[in-house]
Amino acid sequence: MITLETPVAAVLGDRKGKREKIEAGLGIHTVGDLLRHFPRRYVETKELTRVDELEQGQVLTVVGQVASSKVRTYQDRRTRRTAYRLDVVVATDGPRLRMTFFAKNARVAGWNERRLPAGRRGLFVGQVSTFQGEWQLTNPQMVLFGEGPGADDGEGRDPEAELDALGALYPIYPQTKGVESWDLQRAITFTRSVLDEMPELLPAPVREEHGLVPARLALDWIHAPDDWQQVGAAQKRYRFEEALVTQLVLGRRRRSLQERGARPRTGGAGGLLAAFDARLPFELTAGQRAVGTEIEQDLAQSHPMNRLLQGEVGSGKTLVALRAMLHVVDSGGQAALLAPTEVLAQQHHRSITAMLGDLAAGGMLGGAPEATAVELLTGSMTKGQRTEPLLRIASGEAGIVIGTHALLEEHVSFFDLGLVVVDEQHRFGVEQRAALTDKAATPPHVLVMTATPIPRTVAMTVFGDLETSTLSELPAGRAPIQTNVVPLADRPGWMPRVWQRVREEVEKGHQAYVVCPRIAGDEPEQGAGDPGGADEGASAGRTGPPLAAVEEVVADLADGPLTGLRVAPLHGRMPAEEKERTMRAFAAGEVDVLVSTTVIEVGVDVANATTMVLLDAERFGVSQLHQLRGRVGRGGLPGLCLLVSRAEAGSPARDRLDAVAATTDGFELSRVDLEQRREGDVLGKSQSGFRSSLQSLRVLRDEATIVAARKAAEDLLDRDPELATAPLLAQEVVAMEQSVLAEYVDKS
């Protein structure tokens, strides 16, 4: 009996070791895995493929017809014997393609000629190249249509497959080394024929309401469709199914959180927050007031708040979070702010204590009556430096605690942790957030922040267990930022002008950032470029000049185009005290040009900085470029961002840079970012706790499907919270929930 849980070996056999390659290369271990390995596209078999343009080196898959086929002899230079080859010309709906098949004797050459007579059609795959001005397919492989000689050429070899019965659309599958698409097509066709039963995951009312075909029909239509309408119906079914399972998991998580008890934080007399508001030298924006009200209402509930606060760079998220923390302190509790880097944690500590003034001097001479203590805890602090802060945190004397991953350590305990604020939440996995919230006696309220704007469907799919608040307006005083690409591939002579602009800004009394993708020039360039952004110190295996490195650029600028200016480095390898000293000097105007890695990506706020130069800008992703650009123009002075790149015009990397230069709308750029990246990077388990990628669903393309699936999930859970009436669907939901738990346990 063959079921979806049957090991894939039962249907694959082990022809030429392909089973092992399929299992290892594609992660296919069960019959269900194999049948859910969907085609990536389809080729029409009844018509010749339209070929508009060919490019040297591209891998081409076409339906073509043999126009001519002729055996030729030639002198083998090595053996000096007569050798044979078959020259074939294949016609497409466009250019003709030449193919050559070599044979060691006349019999094999003749067999090939009989197999490829003029007029025979097939699916041809190969790499496009040119030879003597003609297009050819190098190392061609094929599936031939109709009847031909047997599959064995008489010498025990098994050449390319020949299929007698094909539908109008031939599926092309994602493949791995040593396994061709037709290997998978034949295996899947056989598996469908022996599968005993295709279980129906979706309840009939759901299928009927949303116009979805049954499971067995969807399976047949996705793998062997007769027309495009069947393809569309099958894809609609699988996309909705995946969206529904995801939304059911998120919906159950939301409901589970609602059922957990939490201590309401009503703000008490509100003395600390009122005193802070009274001292603000500016008016809150309408958005900040509205989101602040939402948060206060959440904090007053007897179940935990679980809210995502997103907004543009400089929209005032930190101020909103600080007001929420003061509200909790007024309620008698403590608030912890978790930051991903020491530079950001230190920046938050500086800015929050500066904003609070004497309200941050609780227990100290000169502190205001309503004041609390604000503590900083980072991994680089010595045991002696941590002792007193840890005591003040444990006793409750410290109302606000700011730190890095050091807050997650076992010996850190809180007196009454009422609110956890996670900044740049995409830097933290779900298990790290849980490690901090578990330090509270009762479940704390949670506010996660991101300055990377998230499209609505991503928020619904990845962060669907969170309520979402958005700050879309910028506070008064934010100046426009002009962004230009400096294309060194086209204009190598423009670099001196870049440094001249930096010098001009410094001579006006302003400051500048120069950002590099590496710290030192001796770092190896490893891995492929990541369109999602470069990690600090990382670079890609590539040709051309080495990537810019902080230590080299500092020396080159100080001794060259920026001679006489105060140039200083900043990167993650520097001791914490040196990093802090450098940032303080830059903030105080004692450094003119800060040459850094992406440690200044978020949270760094120096009002006098007006210029940013990003070297090897193609190494950074769209969101990262937008984040970095947001470090300038913060003091009411117009900003200038120069994206220096060797990327060729028309390349994906150059397109990214052009998109960033064209708009400062972070929400628009987030869509560009998602369209250009592998979706698994956006929906990764490090962010959401879910599988590393979606299979059929695409969060931008399938917005309507996601919205409909979320409503269907809520309706199902309202009627049947345990999904008892849909047991197979419940099993799939539990399997996804357990995969999340397994990831958490593995990493804890």
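Author: A residue is called buried when its relative accessible area is under 20%, exposed when that area is over 50%, and partly exposed in between, using a 1.4 Å probe and protein chains only. Strands are DSSP runs of E with at least two residues, helices are runs of H or I with at least four, and both are numbered from the N terminus. This is a predicted model, where local features need pLDDT of at least 70 and side-chain atom pairs count only at pLDDT 80 or more, while totals for chains, interfaces and linings use all residues. Residues are numbered from 1 along each chain as its sequence is written, and side-chain values use heavy atoms, with hydrogens and water left out.

Reader: Fine. What makes strand 16 largely enclosed by the rest of the structure?

Author: The count does: 5 of the 7 residues of strand 16 are buried, so the strand is largely enclosed.

Reader: And where does strand 16 sit in its sheet?

Author: The sheet has 6 strands in the order 16-21-20-17-19-18, it is open, and the pairing is parallel. Strand 16 (481-487) and strand 18 stand at the edges, because each has a single partner strand and so one side without a neighbour in the sheet. On average, neighbouring strands here are turned by 20° against each other, direction ignored.

Reader: How do you know that strand 16 pairs with strand 21?

Author: Two strands pair if DSSP finds at least two bridges between them. Strands 16 and 21 have 7 bridges and run parallel, with Gln482 partnered by Leu640 in strand 21. At the other edge, strand 18 is joined to strand 19 by 4 bridges, also parallel, and Val567 stands opposite Val593 in strand 19.

Reader: Which strands does helix 16 lie across?

Author: Helix 16 lies across strands 16, 17, 19, 20 (609-614) and 21 (639-645), running at about 160° to strand 20. Helix 20 (residues 652-662) packs on the sheet too, touching strand 16 and strand 21, and its direction makes about 155° with that of strand 16. Axes are lines fitted to C-alpha atoms, for helices over the stretch in contact, with angles from 0 to 180 degrees between N-to-C directions.

Reader: Why are the buried residues of helix 17 said to be on the same side?

Author: The buried residues of helix 17 (residues 550-559) are Val550, Val553, Val554 and Leu557. They cover an arc of only 105° around the axis, which puts them on the same side of helix 17; that arc is taken from the directions from the helix axis to the C-beta atoms. An α-helix has 3.6 residues a turn, so residues three or four places apart point the same way. Turned away from that buried side are the exposed residues Asp556 and Asp559. Covering the buried ones are, among others, helix 16 (495-507), strand 17 (511-515), strand 18 (567-570) and strand 19 (593-596).

Reader: Why is the pair of Tyr42 and Trp228 called edge-to-face?

Author: Rings of Phe, Tyr and Trp (its six-membered ring) pair if their centres lie within 6.5 Å; planes under 30 degrees apart are stacked, over 60 edge-to-face, and the rest tilted. By that rule there are 4 aromatic pairs. For Tyr42 and Trp228 the centres are 6.0 Å apart and the planes 90° apart, so the label is edge-to-face. Tyr42 is in strand 1 (residues 41-44) and Trp228 in helix 8 (residues 228-259), so the pair ties together parts 186 residues apart in sequence. Tyr42 has 9% relative accessibility and counts as buried, whereas Trp228, with 44%, is partly exposed. Another edge-to-face pair is Tyr74 and Phe102, 6.1 Å centre to centre with 75° between the planes.

Reader: Is Phe102 buried or exposed?

Author: Phe102 has a relative accessible area of 57%, so it is exposed. Its partner Tyr74, at 26%, counts as partly exposed.

Reader: What makes Glu375 buried?

Author: Its relative accessibility is 9%, so Glu375 counts as buried. Glu375 is found in strand 11 (residues 373-377). Contact means heavy atoms within 4.5 Å, and the residues Glu375 touches, leaving out those up to four places away in sequence, include His349, Arg392 and Ile402.

Reader: What about Gly399, buried or exposed?

Author: Buried, because its relative accessible area is 3%. Gly399 lies in strand 12 (residues 398-403).
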